[in-house]
Amino acid sequence: MDELLADLRQAILTQDENGALEVTRSLLESGESPRAILESGLAEAMLELGRRWKCGEAFLPEVVVAADIFARCSELVEPALLESQEARAPSFRLVLATVQGDLHDLGKNIVGAMAKTVGFDVHDLGKNVPVDQIVDAARELKPCIVGLSALLTTTMPQQKNAVAALEDAGLRPEVKVIVGGAPVTQEWADEIGADGYAPDAASATELALFLID
Ligand code: B1M
């Protein structure tokens, strides 16, 4: 199984779409946990690609193609994730968004997929979502939790703006806000008055469950 996960990472890193889809199917057929495929396979590969990109060993077009392959493989894994033993009937609502100015949505999508497995009714507003839209969704959908993802240091302030706007709209007593994304930290969450921070999708799900408890 570890070998197949390594093959999956390699296929993403070399932008081998057919290979990545084939290995993903093999992993699912051989009973690998959908979480492991998402985190130890797909997410790990993107992290490594990010490292290579940063030091000039990979380039933007490769990252764009790899991100697309990542999304196609995730589509294969998500149904299996939902069928996994942890899945329960939807009961609590979670509104998710990648903040304005930010087009990174792969991590946010994994957070949404995992939250569904523990019973959240997930409303994903997508990427590049303006603060007003987040506030409107909180008002109309009445979620227990709003989750905000940011992958750029330049878009993190939009998480702060969203917390402030929810406060101004008088919605903070009813809705908890959790934040995440590669540059986000617990210190940042504390600074902007969010209710919590999670470093990965599994801990985001645990945190969301803790907050509604
Ligand atoms: Co961009 N990018 N990117 N990128 N990209 C980063 C973030 C970067 C760190 C790369 C680098 O320099 N090494 C860098 C940011 C630097 C900075 O801000 N200081 C960067 C840059 C600079 C850019 C552009 C500006 C590049 C350019 O155009 N010159 C541009 C910006 C576009 C924009 O958003 N306006 C850009 C574009 C892109 C692509 C479109 C090509 C593509 C995104 C495709 C997509 O998402 N559909 C892309 C990618 C893929 C990356 C890297 C390589 C990988 C991100 C990723 O998908 N990881 C990234 C490098 C890196 O992060 N080290 C990079 C896999 C994913 C599963 O992990 O998103 O971290 P992640 O999510 C995790 C956790 O963070 C957490 O759980 C997830 C799963 O465990 N999490 C949450 C995420 N959201 C959460 C929310 C929560 C809780 C946990 O609660 C609500």
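Which pocket is the space taken by the ligand? In this predicted model, the space that the ligand takes is the largest pocket, and the report begins with the chain as a whole before it turns to the surroundings of the ligand.

## The chain as a whole

The chain is built from nine helices and five strands, and when the sequence is followed from its start these elements come in the pattern α-α-α-α-β-α-β-α-β-α-β-α-β-α. Its radius of gyration is 17 Å, close to the 17 Å that the globule rule gives for 213 residues, so the chain is as compact as a globular protein of that length. Measured out along the principal axes, the C-alpha trace spans about 50 × 40 × 25 Å.

## The shell around the ligand

Both domain 1 (2-83) and domain 2 (92-212) contribute to the shell around the ligand, each with at least three residues. Among the elements that each supply at least two residues are helix 4 (60-83), helix 5 (106-117), strand 3 (145-149), strand 4 (176-180) and helix 9 (201-212), while helix 3 gives the most, with seven residues. Sorted by class, the shell holds 23 nonpolar, nine polar and five charged residues.

## Nearest residues and polar pairs

Of the 37 residues around the ligand, those that come nearest are G101, L103, H104, D105 and S149. For L103, a polar backbone atom is 2.6 Å from an oxygen atom of the ligand, whereas for D105 an N or O atom in the side chain is 2.7 Å from a nitrogen atom of the ligand. A further pair involves T153, where a backbone N or O atom lies 2.9 Å from an oxygen atom of the ligand.

Methods
Residues are numbered from 1 along each chain as its sequence is written. This is a predicted model: local features need pLDDT of at least 70, side-chain atom pairs count only at pLDDT 80 or more; totals for chains, interfaces and linings use all residues. Side-chain values use heavy atoms; hydrogens and water are left out. A residue is near a molecule or strand if one of its heavy atoms lies within 4 Å of it. A polar contact is a pair of N or O atoms within 3.5 Å; within protein, one must be able to donate a hydrogen and the other to accept it, and residues adjacent in sequence count only if both atoms are side-chain atoms. On a 1 Å grid over the protein atoms alone, a cavity is a set of points where a 1.4 Å probe fits but cannot get out, and a pocket is an open set with protein on both sides within 12 Å along at least five of seven lines; lining residues have an atom within 4 Å of a point. A molecule sits in a cavity or pocket if more than half of its atoms lie within 2 Å of its grid points. Helices (H or I, at least four residues) and strands (E, at least two) are DSSP runs, numbered from the N terminus. Ala, Val, Leu, Ile, Met, Phe, Trp, Tyr, Cys and Pro count as nonpolar, Asp, Glu, Lys and Arg as charged, and the others, Gly among them, as polar. Domain bounds come from an automatic or database domain assignment. The radius of gyration is taken over C-alpha atoms; the globule rule is 2.2 Å times the number of residues to the power 0.38.
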